[in-house]
Amino acid sequence: MLIVEDSPTAARLLVDGISRDQRLAVAGVALSAGEAVMLAEQLRPDVITVDLTLPDETGLDVILRVLRTSYVPIIVVSSQVNNGTMNPAFRALLAGAADIVPKPSGEPGAIRAFFDDLNERIAALAAAAAVPTHRPMKLPQPRNRAHSAATSVECVAVGASTGGPTALVEFLSGLGPDFPAPVIIVQHIASPFVEGLVRWLNQETPLSVKLAADGEMLVPARGYIAPAAADLLVKSGGRLSVKNAQPGRTHIAPSADALFESAAEVYKSRCAAVLLSGMGKDGAAGLLKVRAKGGKTFAQDEGSCTVFGMPGAAGRMGAVEAFADPRSIAVSLRKLVERPERMTE
């Protein structure tokens, strides 16, 4: 892999922390944008980490120049975590970066946790053979009007991780501004970026998106993003519940499994669940429960995923009714929520 970092000290820290993982090897270090583009062409790394602050150009320029010639997964390692709509980290995602992680503080515990997380992301991206294509795939449609009415969707639950933010842009754009059901979203992302993600999705998609709050009532045509380090659940009566994760918890929070399972219990066959790009298997068991309750289940296809881990795990469990790219899934959901006009006898 290739490390792009303007600080020699930070670069050495990254080399040491990544190289300790026996699955990973650092092929080169670039301290400027020009050097980064040159080494990317020479070394053909499986993954690149990029700092957004460089002496000659920005990390965003590196991403654009590298991806202009060929696709390589790029992880932005940034201290720029402001929550404005023009956050450079989210602009990097739009430019084609696969993931963003915040730089750690200098505390040893924080540094260990940082590399535990970063190295898993690097390994997952290096193993992913798919290149994002977003080619549409035909999905099964309701057979007749009666079937369409019986399967009308009143709640959409979404889970995503690595590669999820850009997939969410595609998905929410496909739903449009007037989608007649609430959309509840678990996106695994570092806590400093959560509010920025909400602002970014509001800027880049037509659907109104907000950070979910405990006890609020779900309303149609709105997206709800799970807060950091807390599970987002659906309660009876269409209310949300936000439960902070307990210290020492090993399962990721927010959990797509927890969201899907709660939505399945409340909405049953009137629920739809969507699992987008991400590493690991969170959401697979929950998606299976949605399907067991008669709900509609979709997952992002391998050809459009940055990492096919979560959708692949769900597919192996038999939890996925249809695979497709995010925008095609959205189109299918729009057709499901179109209620037929009452027919006269």
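Here is a walk through the sheet of this predicted model and some of the helices around it. Residues are numbered from 1 along each chain as its sequence is written.

Let's start with the sheet. Five strands (DSSP runs of E, at least two residues, numbered from the N terminus) form an open sheet in the order 2-1-3-4-5, and the pairing is parallel. Pairing here means that DSSP finds at least two bridges between two strands. Look at the edges: strand 2 (28-30) and strand 5 (99-102) each pair on one side only. On average, neighbouring strands of this sheet are turned by 20° against each other, direction ignored.

Now zoom in on strand 1 (residues 2-4), which is joined to strand 2 by 3 bridges. Which residue of strand 2 is the bridge partner of Ile3? It's Val29.

Next, the helices (DSSP runs of H or I, at least four residues). The axes of helix 1 (residues 8-19) and helix 5 (residues 108-127) come within 9 Å and cross at roughly 70°. Axes are lines fitted to C-alpha atoms, for helices over the stretch in contact, with angles running from 0 to 180 degrees between N-to-C directions. Helix 1 and helix 5 are therefore roughly perpendicular to each other (that label covers 65 to 115 degrees).

Who does the touching, with contact meaning heavy atoms within 4.5 Å? Helix 1 brings Leu13, Leu14, Gly17 and Ile18, while helix 5 brings Ile111, Phe114, Phe115, Leu118, Asn119 and Ile122.

Finally, helix 3 (residues 59-67) lies across strand 3 (48-50) and strand 4 (74-78), running at about 175° to strand 4.

Notes:
Predicted model: local features only at pLDDT ≥ 70, side-chain atom pairs only at ≥ 80, totals over all residues. Heavy atoms only, no water. Parallel < 35°, antiparallel > 145°, perpendicular 65-115°, else oblique. Contact = heavy atoms within 4.5 Å.
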